[in-house]
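Colleague: I am new to this model. Can you walk me through it?

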Amino acid sequence: MSDENSDGADAPKPGAPEVKIMHVQTRFTTMANRKGGMSREEAVERAETFVENIAEKYPDWVDKDMRSLVEIIARIKAEGGFTKETYDLAYRGACRVRDLGGTFGYELTTKVGDSLCELIFRLAEGKMHSQEALDTHMNALKLVCTPEFRGTPAAALKDLTDSLAKLVNNYPDPDAALKRAEAEKRASLVKPE
Amino acid sequence: MSGQSGEKENGPTMSSKSLNFKGLNFMIADANEKIRGIMHGLLRGFGATNVIDAVDGEAALRDIPVRNVDVLFCDLNLPKIDGFSLIKQLRADESNAARFIPVLILTSHTQQRNIEKSRDSGANIVIAKPLSAKAVYDRLAWITEEPRAFVQTAGYIGPDRRFKTEGLPNGVGRRAADAAIDLEDEPEKVVSDDEMEKMFEKR
């Protein structure tokens, strides 16, 4: 893990910008590769069992997170748009609801939550506000978090998720230029077979 | 458990060998206690015996050398010191024996800019929330199987980000058949796990 464990640093060529390359054997790699480990199958199964065992906490957790989110969206409405603080709180709040749903296997919550995250991102980064779009998403999210709809597969409410996606696409993606640049960079590095 | 996040049955992150996490010190730096709880469970399920919490970036930075942390999982939006700064400070501190430890970012903020910033701050890999056992395990396995050289320049300290064109082992890698990612045409608004892996993979 430390410098002493490095198997050497490559010296920079004369005139070249100074670049130090170190080949480091970390304690993590050494120890993880010891004998007596667990197979992937067993490790994943044990970990998934743990998540299943705590799934009963999900309703309380999501209710709490939804209550906070409702308060933040109400604050955004009262203030007529996002501030740096409410953007951060709303985005985090929406992500929490989405991520909990995803971790416990509620794909509809994940999908609607993801759409809300994206909407908040696009609106706030683009210095825009649409209470109607936010409210529509919040109503959908409240619905899919109810016990009746929680376990519904996303495909069963495709119309709902498609409508939400359409709503989000009314606002430009602030990362579009970055995505294009990365795609071009990657395309130029593809090695011919 | 959904396993929606990066769940893959084939590919460069799929490990067939056994891994031994006993005795290793894992740190989870995340302000969200639910995420920390879930991560504890996943890591214990994988056989980890020592899992340490940090509720903010300051605590993480302070405790990493003291607790001999071997692997850091950190959220980007940490209070006090955010994830990017935490990694940069950790990597830059030459007196810190833990500066080379693998750092895995756990984040919901999978916009392109955050993934690039994570890579450029010196993280080894990004794991998108929601968390799944398979995604977390496979990324840990990937780090053990594909160790990267550490690069230090005036503007960057961290795992080597340079591209190599020979591709990853097992015939999976950056070749024409591996389908270049065209993010512009992707219907998803954020960067997927696969795309993130490609941005971080050994180059």
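Colleague: Which element of chain A has the lowest mean pLDDT, and which the highest?
Modeller: This is a predicted model, where local features need pLDDT of at least 70, side-chain atom pairs count only at pLDDT 80 or more, and totals for chains, interfaces and linings use all residues. Residues are numbered from 1 along each chain as its sequence is written, while chains are lettered from A and ligands numbered from 1 in the order in which they are written. pLDDT is the predictor's confidence in each residue, from 0 to 100. Among the elements of chain A, the lowest mean, 49, belongs to strand E1 (residues 6–10) and the highest, 97, to helix H6 (residues 131–145).

Colleague: Over which residues of chain A does pLDDT stay under 50?
Modeller: Chain A averages 88, and 89% of its residues score at least 70. For the stretch under 50, the model has 15 contacts beyond four places in sequence; a contact means that two C-beta atoms, placed from the backbone, lie within 7 Å. That stretch of chain A is residues 1–8.

Colleague: How many helices and strands does chain A have?
Modeller: Both kinds of element are DSSP runs, numbered from the N terminus: helices are H or I with at least four residues, strands are E with at least two. From the N terminus on, chain A runs β-β-α-α-α-α-α-α-α-α-α. The count for chain A is nine helices and two strands.

Colleague: And how many helices and strands are there in chain B?
Modeller: Read along the sequence, chain B goes β-α-β-α-β-α-β-α-β-α-β-β-α. That chain has six helices and seven strands.

Colleague: What percentage of the residues in chain B count as buried?
Modeller: A residue is buried if 20 or more other C-beta atoms, placed from the backbone, lie within 10 Å of its own, exposed if 12 or fewer, and partly exposed in between. In chain A, buried residues make up 36% of 193. Chain B has 203 residues, and its buried share is 56%.

Colleague: How far apart are the end C-alpha atoms of helix H2 in chain A?
Modeller: The expected span is 1.5 Å times one less than the number of residues. The 14 residues of H2(A), residues 40–53, should therefore span 20 Å. The model agrees: the end C-alpha atoms are apart by 20 Å.

Colleague: What arc do the buried residues of H2(A) cover?
Modeller: The buried residues are A:Arg40, A:Ala43, A:Val44, A:Ala47 and A:Val51. They sit on the same side of H2(A), because their arc around the axis is narrow enough to put them there. The arc is that of the directions from the helix axis to the C-beta atoms, and here it is only 95°.

Colleague: Which residues are exposed on the other side of H2(A)?
Modeller: The buried residues are covered by elements that include helix H4 (84–103) of chain A, and helices H1 (33–45) and H5 (133–145) of chain B. The exposed residues on the other side are A:Glu41, A:Glu52 and A:Asn53.

Colleague: How many residues of H5(A) are buried?
Modeller: H5(A) has 19 residues and reaches 26 Å, close to the 27 Å expected. A:Leu123 lies in this helix and counts as buried because it has 24 C-beta neighbours inside 10 Å. A:Leu123 touches A:Phe82, A:Met128, A:His129, A:Ser130 and A:Tyr171, not counting residues up to four places away in sequence. H5(A) is mostly covered, and its buried residues number 18 of 19.

Colleague: At what angle do H5(A) and H8(A) pack?
Modeller: Axes are lines fitted to C-alpha atoms, for helices over the stretch in contact, and angles run from 0 to 180 degrees between N-to-C directions. Angles under 35 degrees count as roughly parallel, over 145 as roughly antiparallel, 65 to 115 as roughly perpendicular and the rest as oblique. The axes of H5(A) and H8(A) (residues 158–168) are 10 Å apart, at an angle of about 10°. That makes H5(A), relative to H8(A), roughly parallel.

Colleague: What is phi of A:Lys127?
Modeller: Most residues other than glycine have a negative phi, and most peptide bonds are trans. A:Lys127 is in the loop between H5 and H6 of chain A, and counts as exposed because it has 9 C-beta neighbours inside 10 Å. Although A:Lys127 is not a glycine, its phi is positive, about 55°.

Colleague: What is omega for the cis peptide bond from B:Lys129 to B:Pro130?
Modeller: B:Pro130 is in the loop between strand E5 (125–128) and H5 of chain B. The bond is cis, with omega near 5°.
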